[in-house]
Amino acid sequence: MPTVKESECVACGACADVCPQDAILIESVAVILQDSCVECGACVDECPACAIVD
């Protein structure tokens, strides 16, 4: 399951834009909805701040 490193997330929304399941909300940081996430890794690959890790 991908995890957001909150101290590194800048809430740019790139991860939410690429998520095929719409499983990411952008608040003060990205929030991954674990019930919707299919662990495809698209958010990990897309994050420019490397704030999302597997």
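Asp-22 counts as exposed, with a relative accessibility of 60%. In this predicted model, Asp-22 sits in the loop that runs between α1 and β2, the latter spanning 24-26. The backbone at Asp-22 takes a positive phi, near 50°, in a residue other than glycine.

Ala-11 also has a positive phi, about 55°, although Ala-11 is not a glycine. The loop that holds Ala-11 lies between β1 (3-4) and α1 (14-18). How exposed is Ala-11? With a relative accessible area of 23%, Ala-11 is partly exposed; the class of partly exposed residues lies between the buried limit, under 20%, and the exposed limit, over 50%.

From the loop with Ala-11 the chain passes to helix α1, at 14-18. Val-18 belongs to this helix and is partly exposed, at 31% relative accessibility. Val-18 can be paired with Ala-42: the two are 24 residues apart in sequence, while their C-alpha atoms are 6.5 Å apart in space. Ala-42 falls at the start of the range given for α2, 42-46.

Two further C-alpha pairs link separate parts of the sequence. Ile-32 is placed in strand β3, and its relative accessibility of 14% makes Ile-32 buried. The C-alpha atom of Ile-32 is separated by 9.7 Å from that of Ile-52, a residue 20 positions away along the chain. Cys-37 lies in the loop between β3 and α2 and is buried as well, at 18% relative accessibility. Between Cys-37 and Ile-24, which are 13 residues apart along the chain, the C-alpha separation is 8.2 Å.

The loop between β3 (30-32) and α2 (42-46) also contains Glu-39. Glu-39 takes part in a negative surface patch, whose other members are Asp-17, Asp-45, Glu-46 and Asp-54. Asp-17 is within the range of α1, 14-18, and Asp-45 and Glu-46 are within the range of α2, 42-46.

The cysteines remain. How many disulfides does the model contain? The count comes to zero. A pair of cysteine sulfur atoms must be within 2.5 Å to be counted as a disulfide. For Cys-19, the closest cysteine sulfur is that of Cys-40, at 6.0 Å, so the distance is too far for a bond. For Cys-50, the closest cysteine sulfur is in Cys-47, and because the separation is 6.2 Å, this pair is also too far apart for a bond.

Are Cys-19 and Cys-50 buried or exposed? Cys-19 counts as buried, because its relative accessibility is 13%. Cys-50 counts as exposed, because its relative accessibility is 51%. The value for Cys-50 lies on the exposed side of the limit, which is over 50%.

Methods:
Residues are numbered from 1 along each chain as its sequence is written. This is a predicted model: local features need pLDDT of at least 70, side-chain atom pairs count only at pLDDT 80 or more; totals for chains, interfaces and linings use all residues. Side-chain values use heavy atoms; hydrogens and water are left out. Buried means under 20% relative accessible area, exposed over 50%, partly exposed in between (1.4 Å probe, protein chains only). Helices (H or I, at least four residues) and strands (E, at least two) are DSSP runs, numbered from the N terminus. Patches are made of residues with over 30% relative accessible area and no salt bridge: like charges are joined within 9 Å, nonpolar side chains (Val, Leu, Ile, Met, Phe, Trp, Tyr) within 5 Å. Accessible areas come from the Shrake-Rupley method with a 1.4 Å probe; for residues, only the protein chains shown count as cover. A salt bridge is a side-chain nitrogen of Lys or Arg within 4 Å of a carboxyl oxygen of Asp or Glu. Lys and Arg count as positive and Asp and Glu as negative; His and the chain ends are not counted. The place of a charge is taken as NZ of Lys, CZ of Arg, CG of Asp or CD of Glu.
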